[in-house]
Amino acid sequence: MGCTAQRTAALGLLAACAVYLAAALIPDGINMTKHTGDALHLIGIVEHMVRGGQLHTDIETPIGAWSFWPIVAFMQMGVSAGVAFLYAQLLVAAILVPMA
């Protein structure tokens, strides 16, 4: 991949993250319409972790702790579960996009 193609790809990723950030900051900007069962399962796990539960001991899941910790961190700061889910995705994107 040439230098121009890499820059174009990086700008595309940054633009996608900016659009997602804008949608996350607008009240009622993002609504979950699919995979609600998975989201409820995720919120249940995160709620257990916020209250001190340990993965693989108190909570049965094949997914590692790193997939939950960003959401838990935002919830411990007082953010609601839905907003913490969005902010955690944006945080991970902000960390990973420069590596692309």
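What is the relative accessible area of tryptophan 69? Tryptophan 69 has a relative accessible area of 41% and therefore counts as partly exposed (buried is under 20%, exposed over 50%, partly exposed in between, with a 1.4 Å probe and protein chains only). Before the close-ups, please keep in mind that this is a predicted model, in which local features need pLDDT of at least 70, side-chain atom pairs count only at pLDDT 80 or more, and totals for chains, interfaces and linings use all residues. Residues are numbered from 1 along each chain as its sequence is written, and side-chain values use heavy atoms, with hydrogens and water left out.

**View 1. Tryptophan 66 and tryptophan 69 form an edge-to-face pair.**
A search of the whole structure finds two aromatic pairs (rings of Phe, Tyr and Trp, the last by its six-membered ring, pair if their centres lie within 6.5 Å; planes under 30 degrees apart are stacked, over 60 edge-to-face and the rest tilted). For tryptophan 66 and tryptophan 69, the ring centres are 5.0 Å apart and the planes stand at 70 degrees, so the pair is edge-to-face. Tryptophan 66 is exposed at 70% relative accessible area, while tryptophan 69 is partly exposed at 41%.

**View 2. Phenylalanine 74 and tyrosine 87 link helix α3 to helix α4.**
Helices here are DSSP runs of H or I with at least four residues (strands are runs of E with at least two), numbered from the N terminus. The ring centres of phenylalanine 74 and tyrosine 87 lie 5.8 Å apart with planes at 70 degrees, so this pair is edge-to-face. The two residues are 13 apart in the chain, phenylalanine 74 in α3 and tyrosine 87 in α4. Phenylalanine 74 is buried, with 17% relative accessible area, whereas tyrosine 87 is partly exposed at 28%.

**View 3. Helices α3 and α4 cross obliquely.**
The axes of α3 and α4 (residues 81-96) come within 8 Å and cross at roughly 130 degrees (axes are lines fitted to C-alpha atoms, for helices over the stretch in contact, and angles run from 0 to 180 degrees between N-to-C directions). The two helices are therefore oblique to each other (under 35 degrees is roughly parallel, over 145 roughly antiparallel, 65 to 115 roughly perpendicular and the rest oblique). The crossing of α3 and α4 is right-handed (the near helix is turned clockwise from the far one by less than a right angle; anticlockwise would be left-handed). Pro70, Ile71, Phe74 and Met75 of α3 meet Ala81, Ala84, Phe85, Tyr87, Ala88, Leu91 and Val92 of α4 (contact means heavy atoms within 4.5 Å). By class, this contact has 11 nonpolar, no polar and no charged residues (Ala, Val, Leu, Ile, Met, Phe, Trp, Tyr, Cys and Pro are nonpolar, Asp, Glu, Lys and Arg charged, and the others, Gly among them, polar).

**View 4. The buried residues of α3 are covered by elements including α2 and α4.**
Pro70, Ile71, Val72, Phe74 and Met75 are buried in α3. Helices α2 and α3 pack at about 60 degrees with their axes 9 Å apart, and are therefore oblique to each other. The crossing of α2 and α3 is right-handed. From α2, Leu42, Val46, Glu47, Met49 and Val50 meet Trp69, Ile71, Val72, Met75 and Gln76 of α3. The residues of this contact divide into eight nonpolar, one polar and one charged.

**View 5. Helix α1 runs roughly antiparallel to α4.**
The axes of α1 (residues 3-25) and α4 come within 10 Å and cross at roughly 160 degrees; that makes α1 roughly antiparallel to α4. The crossing of α1 and α4 is left-handed. The contact brings together Cys17, Tyr20, Leu21, Ala24 and Leu25 of α1 with Leu86, Tyr87, Gln89, Leu90 and Ala93 of α4. Its residues divide into nine nonpolar, one polar and no charged.

**View 6. Alanine 81 in α4.**
Alanine 81 counts as buried at 17% relative accessibility. Leaving aside neighbours within four places in sequence, alanine 81 is in contact with Ile43 and Met75. Its C-alpha atom is separated by 10.0 Å from that of alanine 39, which is 42 residues apart along the chain.

**View 7. Two positive phi values, at histidine 56 and glycine 78.**
Histidine 56 lies in the loop between α2 (36-50) and α3 (69-76), with phi near 65 degrees. Most residues other than glycine have a negative phi. Glycine 78, which follows α3, has a positive phi near 100 degrees.
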